[in-house]
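Please look over the sequence and the three-dimensional structure below before reading on. The report that follows takes up a sheet, a chain contact and several individual residues in turn.

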Amino acid sequence: MRNAKRWLSIFLVGTVLAGCLTACGSSGSNDNQEETGQTNQDAQQTVQDDTSENQEEAPNTEGATIRLAHLYDPGTGVESEKRSYEWLKKGSENFEANNPGCTVELEYYKYDEMDTKYMSDYQSGVEHDVLITTSMLFPQHFQVGDLLDMQPYVNEWEQSEVDEFAWNPVWDICSNDGGLYGIPLGLHIRGMIYRKDLFEQAGLDPNSPPKTMDELLEYAQKLNNPDENIYGLGMYLGTERANLECSFYPFLWANGGEIWDAETKQAIFADETGVKTGQFVKDLVTKYGVTPQFAISGGYGDALDAFMNGQYAMMEGFGSYWISNVVEAGMEDNVGICAVPDGSNRFSNCYSLSIYAGCEHPDLAMKLIEELLAPDVITMYADGGLPARRSDYEDAQYQGALYSAMLEIANDGRNVAETVNYMKLADSVAAAVQEIIANDGDVQEVFTRYQDEYNARYAGE
Amino acid sequence: MKFHMNQERSKEKKSGWGSKESRLAYLFMTPLLLCLVAFMVVPMITGIQISFQNAKGDFVGLGNYHLVLGEPRFWNNVRLSLTYVVCNVLLSIVLGFLAANLITQKSKMVSMLRPLYLIPWIIPPVSSSILFRTLLDANTGPVTRLIKMITGKNVMILDQAKTALLAVIFHNFWRSFPFAMLFLAAGLTMISKDVYEAAIVDGASKVKQFFYITLPLVKNHLFIVILMITNWTLQDSESCYSLTKGGPGTATEMVAVRLFKDSFVYFEIHTGVVIGIVMMCISIIFAAIYYWVTKAKEMETYE
């Protein structure tokens, strides 16, 4: 019995030691992956060699699995999520049919966490292949080096095919030092949407939306009726980045301000223009009451729900990706879209398809991307807002008033601050905006505090 | 007599490091010790090492500590964490004690309801946070609507700094209360009825019974439950992040939430580790205080 105990304990110790040694071994191999991954330029060179020299030493792709990281959860019940997921499935099926033996594995990530996840995974040696990426976070991706240059592959395309995608302003955002790190899947642009029925009720001309900031406030006050649960100007001011991108930025840009100075590489949202804009947003909630205080909580999508339910007469930050919701609800004729002030800049972005720098089969990854971008497949994608392919605009469905208005706004589309710390900067501005409303704080003091805090860490990058 | 002493010595020898039984016991403990070293000590040392490096892995001395500890926002995080811990521990222990007294009563109704009390503790924290968020939603939440129906006012609980903090504290109390109640109830059932009967014979009032019998006899249970709830609350990032994301502004951004944001949202591991180390120090201070208080009480009792 005693011998049995002794042998059992020796066996247990041996098992743990073997486990530790195995773990060390696998972390070693991760280190190797990291090393190979970090030499991004070498990887790019490999891609060039592969494509130009007939892939003499191409890795064995038989039975390869391509992991496709995405953000679409069909279980949410949201129609656009379902349709976008169908698009992924269709592209994957076509890829599997055209590349026998290869399979596609879908990996879901939350939209506002996926890019950070790719970057951290890259640094810790976790593998992916094809990624859906967020355009405004490309500066950060460039710094980390987790994306592969797709330019050598695109060089193989027909010029007409390149032109189909290269018209998009996001194409430039995806480019860096002559390389291309993402292919835009559409064009997201935001404007102000308004309900014509509520305009008529308030004695306003539904075909004449406000054109200046003063007019916007005047209209919002006329439309405002909190007793009936109707607010003049709805928007999202919560903790998500949409607070800055869809609500604060349009007013700041209209005032001629910026949140970040590219020359000094410092946050500047507490300057005179920033404070003026902050005060305007705060007054909309606390002084005029045309925007409800609950705008600072919940999610970005809640603002759309409130608009569709008739709680908001006008809504700032309406995305082109929501037009289908309006059309499906049969509200197309009851709404109008514009930019206030007329001709002001609007944040434009979209999701893009990229290849992970640590991808084992970049050729196959590119083939999967091409399947997803095929003319009959990309039309299934429901989160593009505006179509990615230029030729798709000739389709009758994009000739309607709402799409035309959005396309017009898209002419003034622009990117957000191109800093590697964009997420932290956006969160700082969002938190500052929330605080001035929630605590009735002094705009100058609160903005300066958040700005100084950001600059103490990230100024000069 | 000599024979007896030899027997004692041989007993001592057997119970030392050299005896076969002891060696076997140490051998059995070795896998666990190795696991502890591999999964706790090594990551902790690596973490401390990372705290002295920048994002590129260069040694920066106390630079990260200076950066984090020099931020007013961080000290606000610490202040909120302490408020969160103190309020939650007080609420959970006081109400947990009262409830423990109730559920140890012999009543059919109490026995039937006992499993129900555990529901908040069983529900995963993220799920219960989402449940609370839905209930307290400022626009569509049933609680908000009910308050409006009664008072005629729009009370936006999660949209105001003070009420948001109260909501986060209440949510955590709601979760940790069943654990405190159950643990203390276990302690209460261990006290012999004879002790109380003797006290009644001596003419001790209910209050005196509580302070001189109940409290000293459940002291060990109380110490463990306070320590555990303190650590859970201090380290709770998931429920708070799911409920408010630290907002509005940074009104509910406790140290654990900040640690989560820095490490896993912004991927700034080097500063995240510094926050983690500070949090560990706070945990140790709390544990030391509780331990010291318990020991001091023990000494008083002996004296």
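## Terms and basis of the model

A residue is called buried here if 20 or more other C-beta atoms lie within 10 Å of its own, exposed if 12 or fewer do, and partly exposed in between. The structure is a predicted model, and its local features are described where pLDDT is at least 70.

## The open sheet of chain A

Chain A contains an open sheet of five strands, arranged in the order S2-S1-S3-S14-S6, and the pairing within this sheet is mixed. Its edges are formed by strand S2 (103-108) and strand S6 (183-184) of chain A, each of which pairs on one side only. Helix H3 (residues 79-98) of chain A packs on this sheet, where the helix touches S1 and S2 of chain A, and the direction of the helix makes about 155° with that of S2(A).

Strand S1 of chain A has two parallel partners that can be followed residue by residue. Towards S2(A), the two strands run parallel and are joined by six bridges; within this pairing, A:His70 has A:Tyr108 in S2(A) as its bridge partner. The path of the chain from S1(A) to S2(A) leads through H3(A), and the resulting β-α-β crossover is right-handed. Towards S3, strand S1 (residues 65-70) of chain A pairs with strand S3 (residues 130-134) of chain A, again in the parallel sense, over two bridges. Here A:Leu68 is matched with A:Val130 as its bridge partner in S3(A), while A:Ala69 is matched with A:Leu131 in S3(A).

## The overall form of chain B

Chain B is built with 15 helices and zero strands. Its radius of gyration is 25 Å, well over the 19 Å that the globule rule gives for 303 residues, and chain B is therefore more spread out than a compact globule. The C-alpha trace of chain B spans about 85 × 65 × 35 Å along its principal axes.

Of the 303 residues in chain B, 29% are buried. When the contacts in chain B with a separation of 6 or more are considered, 67% of them are accounted for by residues 24 or more positions apart.

## Where the two chains meet

How many residues does each chain bring to the contact? Chain A contributes 27 residues and chain B contributes 28 residues. On the side of chain A that touches chain B, at least two residues each are supplied by helix H1 (2-38), helix H4 (114-124), helix H13 (300-308), helix H18 (422-438) and helix H19 (443-458) of chain A. H1(A) gives the most to this side of chain A, with seven residues. By residue class, the side of chain A that touches chain B divides into eleven nonpolar, nine polar and seven charged residues.

## Backbone features in loops

Each chain offers a cis peptide bond to inspect. In chain A, the bond from A:Val340 to A:Pro341 is cis, with omega near -5°, and A:Pro341 is found in the loop between strand S12 (335-338) and strand S13 (346-349) of chain A. In chain B, a cis peptide bond joins B:Gly247 and B:Pro248, with omega about 0°; B:Pro248 lies in the loop between helix H13 (238-244) and helix H14 (255-265) of chain B.

Positive phi values also deserve a check in the model. A:Lys265, although it is not a glycine, has a positive phi of about 55°, and its place is in the loop between strand S9 (260-261) and strand S10 (266-267) of chain A. A:Lys265 counts as partly exposed because it has 15 C-beta neighbours inside 10 Å. B:Phe267, likewise a residue other than glycine, has a positive phi near 55° and is found in the loop between H14 and helix H15 (269-302) of chain B. With 18 other C-beta atoms within 10 Å, B:Phe267 is partly exposed.

## A long-range position in helix H15

B:Ile277 is located in helix H15 of chain B, and with 19 C-beta neighbours inside 10 Å this residue counts as partly exposed. Its C-alpha atom is separated by 9.0 Å from that of B:Met44, although the two residues are 233 residues apart along the chain. Leaving aside neighbours within four places in sequence, B:Ile277 is in contact with B:Ile48 and B:Ser51.

Conventions: Residues are numbered from 1 along each chain as its sequence is written. Chains are lettered from A and ligands numbered from 1 in the order in which they are written. This is a predicted model: local features need pLDDT of at least 70, side-chain atom pairs count only at pLDDT 80 or more; totals for chains, interfaces and linings use all residues. Two strands pair if DSSP finds at least two bridges between them. Helices (H or I, at least four residues) and strands (E, at least two) are DSSP runs, numbered from the N terminus. Two residues are in contact if their C-beta atoms, placed from the backbone, lie within 7 Å. Axes are lines fitted to C-alpha atoms, for helices over the stretch in contact, and angles run from 0 to 180 degrees between N-to-C directions. A crossover is right-handed if, with the strands pointing away from the viewer, the path from the first strand over the helix to the second runs clockwise. The radius of gyration is taken over C-alpha atoms; the globule rule is 2.2 Å times the number of residues to the power 0.38. Ala, Val, Leu, Ile, Met, Phe, Trp, Tyr, Cys and Pro count as nonpolar, Asp, Glu, Lys and Arg as charged, and the others, Gly among them, as polar.
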